Amino acid sequence: MADLKALADAIISGDRDAARELTQQAADENVDPEKILNEGLTAGMDVVGKKFKANEFYVPEVLIAARAMHAGMEILEPLLAEAGAEPKGIVVLGTVKGDLHDIGKNLVNMMLSGGGFKVVDVGIDVSEEKFVESAKNENADIVALSALLTTTMPQMKNVIDALKEAGIEAQTIIGGAPVTQDYADEIGADGYAPDAASAVDKAAELLA
Ligand code: B1M
């Protein structure tokens, strides 16, 4: 019988083969794909996020868990699409212009995807025009900006201003090592998250 607790545990321990097998087993038994996602894959990633925040897990453990999550998602995605399951929200995510750092951004992507959001990753060195265009095209609920350099932080304000100018109502979340809540307040971002797991909480809070 499908064991979603074991599936969550497979994600937490980063066991890709077990994650794939247990997802397939649950799908074969016609368990609702949303239930498999929420009680298996996302439940596991939620624990991973909490452990990461508490410094019990580090970047490698998160990457391995995300890899296991992807293995399950490969099976689940077509089933979710068939069932017409809605994501929790659409997030356009990128590292701002002039900045090539993407390891943190990729973790944010993995956590948000694991948390049930549709993430459109627009990459690194992304101009304000590109953020505006993607937010429009994707009908984004959230535009999420990462910056790792003190010299590229001001670009976050340019993106936020450009979104406002274009009349885009998406909420904005910013993060990255030099970014702070004070800075978010200063430039008019809707939210700040200090780490990838907190970005999921913040996104959920903003869309609640
Ligand atoms: Co660069 N680099 N780097 N670098 N680099 C730093 C950031 C630096 C602190 C190193 C140092 O001097 N001690 C320094 C910045 C100084 C500053 O501005 N304050 C620096 C510099 C100066 C530079 C160059 C200018 C160096 C040069 O060429 N002279 C250059 C700039 C290139 C450019 O971007 N234009 C440069 C280049 C590079 C590499 C390309 C070599 C490489 C990046 C590879 C890649 O990303 N694919 C690199 C790396 C690896 C680093 C360090 C060593 C590690 C960054 C990292 O990935 N950390 C870094 C020093 C350090 O941090 N120890 C450094 C791990 C990652 C998981 O953490 O990205 O902080 P982080 O993400 C966290 C949170 O910040 C948060 O969640 C993540 C996980 O919880 N977070 C968000 C991130 N984005 C978020 C978005 C959110 C929410 C949370 O919401 C949307």
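The ligand's cobalt atom gets just a single donor from the protein: NE2 of His 101, sitting 2.2 Å away. Keep in mind that this is a predicted model. His 101 belongs to the loop that runs between strand 1 (90-96) and helix 5. Beyond the ligand site, there is a nonpolar core of 43 residues to look at, plus a couple of non-glycine residues with positive phi, Asn 55 and Asp 125.

**Around the ligand**

- The ligand is surrounded by 26 residues, and the closest ones are Gly 98, Leu 100, His 101, Asp 102 and Ser 146.
- Sorted by class, that shell comes out as 16 nonpolar, 7 polar and 3 charged residues.
- Three elements each chip in at least two shell residues: helix 5 (103-114), strand 3 (142-146) and strand 4 (171-175).
- Helix 5 gives the most to the shell, with 4 residues.

**Polar contacts to the ligand**

- Besides its role as the cobalt donor, His 101 has a polar side-chain atom 2.8 Å from a nitrogen atom of the ligand.
- Leu 100 comes in through its backbone, with an N or O atom 2.6 Å from a ligand oxygen.
- Thr 150 also uses a backbone N or O atom, which lies 2.9 Å from an oxygen atom of the ligand.

**The largest nonpolar core**

- In soluble globular proteins, nonpolar side chains tend to be buried together.
- Here the largest nonpolar core holds 43 residues, and the members touching the most others are Ile 11, Leu 41, Met 45, Val 48 and Leu 112.
- Elements that put two or more residues into this core include helix 1 (4-12), helix 2 (16-28), helix 3 (33-53), strand 1 and helix 9 (196-207).
- Helix 4 makes the largest contribution to this core, at 8 residues.
- Because domain 1 (4-82) and domain 2 (90-207) both supply residues, this core lies between the two.
- Helix 5 and strand 3 turn up twice: each gives two or more residues to the core, and each supplies at least two residues of the ligand shell.

**Backbone oddities**

- Asn 55 is not a glycine, yet its phi is positive, at about 60°.
- You'll find Asn 55 in the loop between helix 3 and helix 4, and it is exposed, with a relative accessible area of 52%.
- Asp 125 is another non-glycine with a positive phi, this one about 55°.
- Asp 125 sits in strand 2 (residues 118-126) and counts as partly exposed, at 40% relative accessibility.

How values were computed. Residues numbered from 1 in each chain as written. Predicted model: local features only at pLDDT ≥ 70, side-chain atom pairs only at ≥ 80, totals over all residues. Heavy atoms only, no water. Near = heavy atom within 4 Å. Polar contact = N/O pair within 3.5 Å; in protein donor to acceptor, adjacent residues only side chain to side chain. Nonpolar A, V, L, I, M, F, W, Y, C, P; charged D, E, K, R; others polar. Donors = N, O, S within 2.8 Å, 3.2 Å for Na, K, Ca; no water. Core = buried A, V, L, I, M, F, W, Y, C linked by side-chain atoms within 4.5 Å. Buried < 20%, exposed > 50% of the residue type's maximum accessible area, 1.4 Å probe, protein only. Domains from an automatic or database assignment.
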